[in-house]
Number of protein chains: 6
Amino acid sequence: MATTVTVKVYFEAAHRLHNPAQSDDWNRGIFGKCNNPHGHGHNYVIEAVVRGEPDPESGYLIDMKDLKAVLNRTIVDHVDHRHLNIEVPWLEDIIPTAENLACVFFERATPELPDGVELIALTVHETERNSATYTAD
Amino acid sequence: MATTVTVKVYFEAAHRLHNPAQSDDWNRGIFGKCNNPHGHGHNYVIEAVVRGEPDPESGYLIDMKDLKAVLNRTIVDHVDHRHLNIEVPWLEDIIPTAENLACVFFERATPELPDGVELIALTVHETERNSATYTAD
Amino acid sequence: MATTVTVKVYFEAAHRLHNPAQSDDWNRGIFGKCNNPHGHGHNYVIEAVVRGEPDPESGYLIDMKDLKAVLNRTIVDHVDHRHLNIEVPWLEDIIPTAENLACVFFERATPELPDGVELIALTVHETERNSATYTAD
Amino acid sequence: MATTVTVKVYFEAAHRLHNPAQSDDWNRGIFGKCNNPHGHGHNYVIEAVVRGEPDPESGYLIDMKDLKAVLNRTIVDHVDHRHLNIEVPWLEDIIPTAENLACVFFERATPELPDGVELIALTVHETERNSATYTAD
Amino acid sequence: MATTVTVKVYFEAAHRLHNPAQSDDWNRGIFGKCNNPHGHGHNYVIEAVVRGEPDPESGYLIDMKDLKAVLNRTIVDHVDHRHLNIEVPWLEDIIPTAENLACVFFERATPELPDGVELIALTVHETERNSATYTAD
Amino acid sequence: MATTVTVKVYFEAAHRLHNPAQSDDWNRGIFGKCNNPHGHGHNYVIEAVVRGEPDPESGYLIDMKDLKAVLNRTIVDHVDHRHLNIEVPWLEDIIPTAENLACVFFERATPELPDGVELIALTVHETERNSATYTAD
């Protein structure tokens with residue numbers, strides 16, 4: 001048996017799918033309109049799942065406000081209202097697909113969680129119909 | 001390969017996060033405004049996932065109406081339009097965090113399911129952004 | 001032709017439908033389980049619509065952050081995580097139905113809006129299926 | 001660690017829950033109003049989850065547009081605006097419960113996915129509150 | 001100033017867009033795949049708005065449960081899990097577009113409302129993106 | 001009495017709130033983080049409401065597919081996956097606030113509607129909580 005807690009946080013950003021190591025033609029072929037030079041944008045949702053034992057004194061696995069604070073401090077504060085390809089140093093060498101964002105966000109949040117609280121999945125929702133998840137299993 | 005069925009049921013309740021074995025200061029420090037003495041409330045959503053083999057004659061793992069009836073009879077009928085700290089005998093010694101509710105609700109529904117239908121996860125959504133899940137794995 | 005701006009803000013509260021000037025029987029007959037003595041709760045959504053002329057320099061009718069700040073300062077900060085029948089002085093003589101809340105919230109927010117920005121409708125959503133609106137027309 | 005991508009596609013269809021090998025009484029007893037002779041309908045949502053390694057050149061596990069195209073070509077184009085019991089040859093011997101649809105849809109989409117992209121779960125949502133999932137584990 | 005109350009109720013039905021007074025070619029040309037002979041279906045949402053004065057004793061314009069009961073008794077009980085072209089006598093001469101359903105549903109519910117409660121709008125949502133409204137102004 | 005039809009269409013775009021006729025300080029003061037130089041983005045939803053008489057032969061005020069096609073051809077095809085400040089000629093002198101977009105989109109779609117179908121409101125949703133509407137009354 002196991003307990004998990006799930007929270008969602010939000011940000012709004014521009015991005016462009018582009019691999020600068022490849023030609024313009026390659027990029028246009030792979031990414032289509034997502035490669036438009038000035039970027040487009042999303043209302044991103046980050047959904048994080050943590051696992052652990054609820055504390056018997058408080059009934060909390062983790063205070064959900066604290067979990068959101070970790071996600072905001074390590075991720076949202078850096079990317080909200082930004083262009084992901086240009087203004088975020090730790091995304092500089094990353095093509096900002098949902099898959100890559102999920103992995104990088106997962107790695108940024110993990111070390112900031114308290115002992116006994118393990119991040120087991122982080123999902124980046126680009127739209128209500130499109131998302132990618134990075135998981136610990 | 002496996003088949004699961006997921007349903008959602010709803011209730012509206014008040015609760016207060018408070019551990020009577022601890023001091024008022026401790027409670028205020030841990031729970032903040034969730035410790036306000038007269039409680040606050042939520043439109044709760046219970047999401048239950050069951051696993052099993054669909055019956056070849058009906059194509060049903062379980063009739064979803066029957067699954068909802070189990071959840072309503074064992075949980076919703078007792079907590080809907082109630083104050084969870086005061087009016088529900090089987091929650092009396094429980095701090096009604098989402099984590100604890102998920103566990104207690106899971107244990108109440110499990111023995112009422114028909115043979116071959118296993119409850120594998122029960123999630124309590126407090127809001128669209130906050131939830132806790134109790135799982136069988 | 002006219003321009004309107006709509007924003008939503010949120011709070012979580014307990015309430016009880018009860019008219020203290022009437023008998024317990026009357027209250028139970030009118031309000032049913034909404035009259036349960038210890039109250040129940042909701043994730044409330046306030047949706048406010050304002051009308052006016054966008055400023056040609058900014059393109060804003062009103063900065064939506066500012067509109068939300070008015071709603072938060074005049075309403076949400078007083079009712080979030082509260083029991084509406086007990087802990088909010090300006091709701092003391094009000095039966096906290098959605099209809100009454102919409103009217104009182106409308107009247108609290110209106111005088112705090114800047115010149116040229118008129119509140120024309122305020123909706124209180126108790127659930128995704130139930131709401132009441134107070135309108136200026 | 002693993003990466004998954006999730007997409008949703010939509011269709012609108014009529015269906016009737018009925019097992020022609022059984023009596024009318026049996027069918028009425030098992031399926032209730034879902035057995036009404038002329039059928040009823042849903043706005044169905046198909047949610048598919050695939051697992052694999054993102055390509056380091058593109059950052060894509062799979063282009064989500066391509067994944068949706070597979071689901072549309074193998075499933076949606078055949079069932080959208082159809083009566084599932086009558087007009088879809090490959091559903092002819094299937095009682096169109098959500099459980100059975102999830103299994104059949106899973107089997108139709110799987111062989112059309114590119115190498116390295118594994119379908120691990122397919123969910124059929126009949127409503128926001130009722131769904132069934134067929135999974136690879 | 002005015003107060004309105006809005007509620008939503010749900011049903012699941014099959015329908016076919018077809019005018020029997022016209023040729024098959026005409027029908028196919030006008031309605032496209034919505035004319036498929038065996039129909040398709042929707043999870044319909046009915047959203048009703050009523051206007052009136054809240055009762056000072058109860059704070060209710062109308063008990064929302066009662067308003068839903070009117071909609072269920074006059075509409076939902078007749079159309080839920082039905083084929084709208086075949087099984088509903090009062091829809092027999094109506095092409096079941098959202099526009100026509102909104103008008104007929106409006107006319108069925110109106111006379112059943114209590115004095116002082118006026119139905120001012122009824123919306124039929126076929127999907128989250130498509131709806132029609134019949135209004136009293 | 002009147003009938004209206006409402007549809008929603010979607011696009012994803014980057015934008016920056018900036019008035020080039022004003023100083024950088026003015027812009028930063030008015031628009032805050034929405035003025036970040038490289039822009040941010042949204043999953044925009046356009047919601048359009050038209051009024052008219054349903055055709056007695058078809059039951060349609062307008063085929064909702066045709067209404068969406070007008071919105072897509074006159075608006076979405078030009079702005080989807082674009083940076084609204086840079087890549088859309090007819091937005092060149094417009095600060096792309098929701099208020100201004102609603103007005104410009106309204107004016108682009110109106111002349112393309114068939115006789116008897118009047119656009120009465122167009123809403124631009126930037127997020128689920130923020131929107132602006134341009135209306136004909």
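Hi everyone, this is a short tour of how chains F and E meet, followed by a look at chains B and C. Please keep in mind that the model is predicted.

Let's start with chains F and E. On the chain F side, 20 residues are in contact with 22 residues of chain E. The area buried between the two chains is about 1,800 Å², and carbon and sulfur atoms give 47% of that.

So what holds polar groups together here? The rule finds 0 salt bridges across the interface of chain F and chain E. It does find 9 residue pairs in polar contact across that interface, both residues being at pLDDT 80 or more.

Which elements of chain F supply the side that touches chain E? Both β1 (2-15) and α2 (64-79) of chain F give at least two residues each. The largest share comes from β1(F), with 8 residues. Sorted by class, that side of chain F has 11 nonpolar, 5 polar and 4 charged residues.

Now have a look at β1(F) itself, if you would. It pairs with strand β5 (residues 130-135) of chain E, in the antiparallel sense, over 6 bridges. To find your place on screen, go to Asn130(E): its bridge partner in β1(F) is Val7(F).

Let's move on to chains B and C. A turn of 180 degrees with a shift of 0.0 Å along the axis lays chain B on chain C, with an RMSD of 0.0 Å. The two copies are therefore related as by a two-fold rotation axis. The same surface serves both copies, as 100% of the contact residues of chain B recur in chain C.

Thanks for listening, everyone!

How values were computed
Residues numbered from 1 in each chain as written. Chains lettered and ligands numbered in written order. Predicted model: local features only at pLDDT ≥ 70, side-chain atom pairs only at ≥ 80, totals over all residues. Heavy atoms only, no water. Contact = heavy atoms within 4.5 Å. Buried area = accessible area lost by both parts, 1.4 Å probe. Salt bridge = Lys/Arg side-chain N within 4 Å of Asp/Glu carboxyl O. Polar contact = N/O pair within 3.5 Å; in protein donor to acceptor, adjacent residues only side chain to side chain. Helix = DSSP H or I, 4+ residues; strand = E, 2+ residues; numbered from the N terminus. Nonpolar A, V, L, I, M, F, W, Y, C, P; charged D, E, K, R; others polar. Pairing = 2+ DSSP bridges. Least-squares fit on C-alpha atoms with pLDDT ≥ 70 in both.
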